[in-house]
Amino acid sequence: QVNFVISQVLALACAPLFRNSLHPSTTSPATRHAFGLVLGLAFGYFCFGMQAVHLGGLPALCYVVMRTQDPRTMQRMVLGVALLYLSCIHLHRQIYDYGSYTLDITGPLMVITQKVTSSLNMEAAEFSETSVTTHMTTVKMPTALEYFSYMFHFQALMCGPVLFYRDYIDFIHGHSFLKHTPPSSGHVDNNSNSREVVLEPSPYLVVFKKVVCSGLCAVLFLSLIPSFPIQRVKEPEFLEEFSLPRKMSYLVIATTLCRFKYYHAWLLADAICNASGLGFNGYDTKGRARWDLISNVDILKFEFGLSLRDSIEQWNKGTTRWLRMVVYERASHFHTVLTYALSALWHGFYPGYYLTFMSGALFTFASRSVRRSVRSHFVASRPMKAMYDVATMLTTRVVMGYITFSFLLLEFWPSVNVYL
């Protein structure tokens, strides 16, 4: 964990260098690809030692499949190879280091699995024009340098965020700023060969805010989590002496505090991307630059979401997009169940994962039914609508604690004992 933090701080320091000294106006795409690739591999080796060989093994096998197999079946084969490789590493860790929260190579491999299966060469005709898959479809097979740079670039190797291959190539070539102009500006030629000067917005205020929030999340996690350890739910005192309201309150508080660890890592990763110029997403109606193209999480929208669906969409947003693309938009039946099942498999084989995601599927169905049946009775007036929103927000907080504690506990029978 210390090595992880050190590597991310070093990446944050290198990001402005990448943005300024290796700007696409003065540096070739090949040089930018190579710099991001080499630095990413260096950080991977620093954090994980010889385990870093798997960072190359998984994408290399998938690249061979991409180059040799029929495009009509290649996507499914890549998904199968990537999940099989990742599953073997998950099982190895579970056998030899059961229940450990030590950071190992599985984290970056989970991110790489998303990247290799993100439709680098797919027929877009299968999907609607508004689907997430259509946006990130690319017809041209990437070169080895482009492919491995996309896999290992230092900004997002450790914990994401996951970005589409097309967006990454636009960033490397400097096209991402040409695609957007401020509302008050005149026309800008979007031709990639245009020599017109484009004023690029500075990301540093956004970076500063994200770094500060990331630090606050780390401080809150380290200072408060010792008072609410998730392992306490296995103790006889919790199971036999705590009242039901006290149990539920504890689960909500403990799971909320555990999320601050993820907030810290994801906000810092977002800041690294933004500091290097990656993540620009145009301007809002007031002409302010948006740096949320590949943001991992929106903390406030997650913690105050009015439904389970609203909250889930703001948590690990790159993974949500990936699951929607790989399963939800493709499955002909059981979209929700299959999506949660792939999410559980992607995380590993601890029973707690499957309890969480199968519970998530059940509660998703329940929340849809409640919304269809109940919401219409509360939207006639603003006070009634506000009361309904507060009630669903509070209910979502309780449900989130109820279904996610097993994800943290990992074990089957201790989780079942709490449910009983």
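This briefing walks through a nonpolar patch, the helix H15 beside it, some salt bridges and a few backbone oddities. The model is predicted, so keep that in mind throughout. A nonpolar surface patch of about 570 Å² is a good place to start, and helices H15 and H16 each put at least two residues into that patch. Elsewhere, the count of salt bridges comes to 9, and a cis peptide bond sits between Gly 160 and Pro 161.

**The nonpolar patch**

- Six side chains make up the patch: Phe 334, Val 337, Leu 338, Met 358, Leu 362 and Phe 365.
- Helix H16 (351–374) is the top contributor, giving 3 residues, and helix H15 (335–347) supplies at least two.
- Leu 338 is a patch member that belongs to H15. Its relative accessibility is 40%, so Leu 338 counts as partly exposed.

**Helix H15, inside and out**

- H15 runs for 13 residues and spans 19 Å from its first C-alpha to its last, close to the 18 Å expected at 1.5 Å a residue.
- Which residues of H15 are buried? They are Thr 336, Thr 339, Tyr 340, Leu 342, Ser 343, Ala 344, Trp 346 and His 347.
- The cover over those buried residues includes helices H4 (71–96), H5 (106–116), H13 (308–313), H14 (317–328), H16 and H17 (382–409). H16 therefore turns up twice in this story: as part of the cover on H15 and, because it gives 3 residues, as the biggest giver to the patch.
- Right after H15 ends, Gly 348 adopts a positive phi of about 135 degrees.

**Annotated transmembrane stretches**

- An unreviewed UniProt entry annotates "transmembrane region" over residues 43–65, 77–96, 204–225, 352–370 and 390–410.
- In the model, residues 43–65 are 83% helix and 0% strand, with the end C-alpha atoms 27 Å apart.
- Residues 77–96 come out as 100% helix and 0% strand, and there the end C-alpha atoms are 29 Å apart.

**Salt bridges**

- Asp 70 pairs with Arg 72, with the closest N and O atoms 2.9 Å apart. Asp 70 is partly exposed because its relative accessibility is 31%, whereas Arg 72, at 68%, counts as exposed.
- Lys 234 and Glu 411 also form a salt bridge, at 2.9 Å from N to O. This pair ties together distant parts of the chain, 177 residues apart: Lys 234 is in the loop between H9 (204–224) and H10 (236–241), and Glu 411 is in the loop between H17 and H18 (412–419).
- Both partners of that long-range pair have some exposure: Lys 234 is partly exposed at 35% relative accessibility, and Glu 411 is partly exposed at 24%.
- Lys 385 and Asp 389 meet at 2.8 Å, N to O. These two lie in H17, 4 residues apart, about one turn of the helix.
- Why does that spacing suit a pairing along a helix? An α-helix has 3.6 residues a turn, so residues three or four places apart point the same way.
- Lys 385 is partly exposed at 24% relative accessibility, while Asp 389 is buried, with a relative accessible area of 16% that falls under the 20% cut-off.
- Arg 309, Asp 310 and Glu 313 join up in a network of salt bridges.

**Loops and backbone oddities**

- Ser 381 sits in the loop between H16 and H17, and at 29% relative accessibility Ser 381 is partly exposed. The C-alpha atoms of Ser 381 and Gly 352 are 42 Å apart, with their positions 29 residues apart along the chain.
- The peptide bond joining Gly 160 and Pro 161 is cis, with omega about 5 degrees. Pro 161 lies in the loop between H7 (144–152) and H8 (165–173).
- Where is Asn 316? Asn 316 is in the loop between H13 and H14, and it has a positive phi of about 45 degrees although it is not a glycine. At 14% relative accessibility, Asn 316 counts as buried.
- Leu 410 is another non-glycine residue with a positive phi, near 75 degrees. Leu 410 is placed in the loop between H17 and H18, and with 4% relative accessibility Leu 410 is buried.

Definitions and conventions
Residues numbered from 1 in each chain as written. Predicted model: local features only at pLDDT ≥ 70, side-chain atom pairs only at ≥ 80, totals over all residues. Heavy atoms only, no water. Patch = residues over 30% accessible without salt bridge, like charges linked within 9 Å, V, L, I, M, F, W, Y side chains within 5 Å. Areas by Shrake-Rupley, 256 points an atom, 1.4 Å probe, with all protein chains shown as cover. Salt bridge = Lys/Arg side-chain N within 4 Å of Asp/Glu carboxyl O. Buried < 20%, exposed > 50% of the residue type's maximum accessible area, 1.4 Å probe, protein only. Expected span 1.5 Å × (residues − 1). Contact = heavy atoms within 4.5 Å. UniProt positions renumbered as here; feature names shortened; annotations may be inferred.
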